[in-house]
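Work through the exercises below with the model open. Try each task before you read its solution.

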Amino acid sequence: MLTIYGPARSRASRALWMLAECGVPYTHDDLTQYPTMDEKSAAVRKVYPLGKIPFLTDGDLLLSESMAINLYLAQHYGTHLWPDTKGGQAQALQWSFFAVTEIDPPLVQLMIERTFRKEPDRNLDNEKKNAEGIKRPLQYLDDYLATHEWLVGQAFTVADLNLASVFSMAKGAKVDLAGYPHIEAWLGRCYARPAYLKATTPAPK
Ligand SMILES: N[C@@H](CCC(=O)N[C@@H](CS)C(=O)NCC(=O)O)C(=O)O
């Protein structure tokens with residue numbers, strides 16, 4: 001049985017979207033049974049000593065890192081999302097690394113400065129550095145998407161899912177994508193997928 005650990009409003013959302021795409025049975029441990037952050041952290045560290053979420057268990061396999069989890073799920077459970085050529089598979093890795101090295105770090109920093117930190121703790125130099133730093137990868141991606149409907153090949157793949165899932169932080173980071181119309185259009189295509197809507201709609205109480 002597959003089990004994904006981590007609350008839905010965290011990087012676990014990336015894997016929850018992927019699991020919905022795969023359409024396989026799984027359990028979700030959102031750790032709400034631990035009332036405090038310290039208790040959550042202690043419980044996570046018992047299984048995954050780095051103490052971060054998400055992580056996935058599949059039988060004896062313990063897998064961390066949201067991108068690696070999704071690449072694994074695509075290869076083993078969502079093969080329609082795993083490119084069928086060696087080149088396409090390498091590009092799926094490329095875009096997943098791009099997501100977590102070029103887009104995730106500046107979005108996290110901008111979210112911290114613009115949403116989480118309050119005056120007078122905001123670091124304007126950090127905000128400026130990351131607001132500038134994200135422009136080059138955004139322009140590169142926008143130019144690429146001007147001539148490509150999807151990141152790899154002719155259909156939605158794990159590459160799209162991994163990168164689009166990182167962009168979910170754009171709102172909290174207050175990054176205006178209006179100047180990047182091809183990214184906006186591509187995100188619209190990705191977020192219109194039924195599996196995305198299923199994974200991001202809270203279950204009725
Ligand atoms: N590179 C990791 C980052 C994981 C990560 O930083 N997760 C956050 C929650 S979204 C966390 O567990 N933070 C707790 C901590 O840093 O102790 C991934 O993509 O899965």
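**Exercise 1: two helices in contact**

Leu 138, Leu 141, Asp 142, Leu 145 and Ala 146 of helix 6 meet His 182, Ile 183 and Trp 186 of helix 8. Contact requires C-beta atoms, placed from the backbone, within 7 Å. Helices are DSSP runs (H or I, at least four residues) and strands are too (E, at least two), numbered from the N terminus. The model is predicted: local features need pLDDT of at least 70, side-chain atom pairs count only at pLDDT 80 or more, and totals for chains, interfaces and linings use all residues. Residues are numbered from 1 along each chain as its sequence is written.

Task: Sort the contact of helix 6 with helix 8 by class, then describe how the two helices cross.

Solution.
1. Sort by class: the contact has 6 nonpolar, 1 polar and 1 charged residues. Here Ala, Val, Leu, Ile, Met, Phe, Trp, Tyr, Cys and Pro are nonpolar, Asp, Glu, Lys and Arg are charged, and the others, Gly among them, are polar.
2. Find the axes: those of helix 6 (residues 135-146) and helix 8 (residues 181-191) come within 7 Å and cross at roughly 70°. Axes are lines fitted to C-alpha atoms, for helices over the stretch in contact, with angles from 0 to 180 degrees between N-to-C directions.
3. Name the angle: helix 6 and helix 8 are therefore roughly perpendicular. That term covers 65 to 115 degrees.

4. Give the hand: helix 6 passes helix 8 in a left-handed crossing. Left-handed means that the near helix is turned anticlockwise from the far one by less than a right angle.

**Exercise 2: the sheet**

Task: In what order do the 4 strands stand in the open sheet?

Solution.
1. Start with strand 1 (residues 2-5) and strand 3 (residues 55-58): 4 bridges join them, antiparallel. Strands pair if DSSP finds at least two bridges between them. Tyr 5 has Phe 55 as its bridge partner in strand 3.
2. Add strand 2: strand 1 pairs with strand 2 in the parallel sense over 4 bridges. Tyr 5 stands opposite Asp 29 there.
3. Add strand 4 (residues 61-64): 4 bridges join strand 3 to strand 4, antiparallel. Thr 57 stands opposite Leu 62 in strand 4.
4. Look at the turn: strand 3 and strand 4 form a hairpin with 2 residues between them, and Gly 59 in the turn has a positive phi of about 60°.
5. Write the order: 2-1-3-4, with mixed pairing. Strand 2 (26-29) and strand 4 are at the edges, each with a single partner strand, so one side of each has no neighbour in the sheet.

Terms used
Angles under 35 degrees count as roughly parallel, over 145 as roughly antiparallel, 65 to 115 as roughly perpendicular and the rest as oblique.
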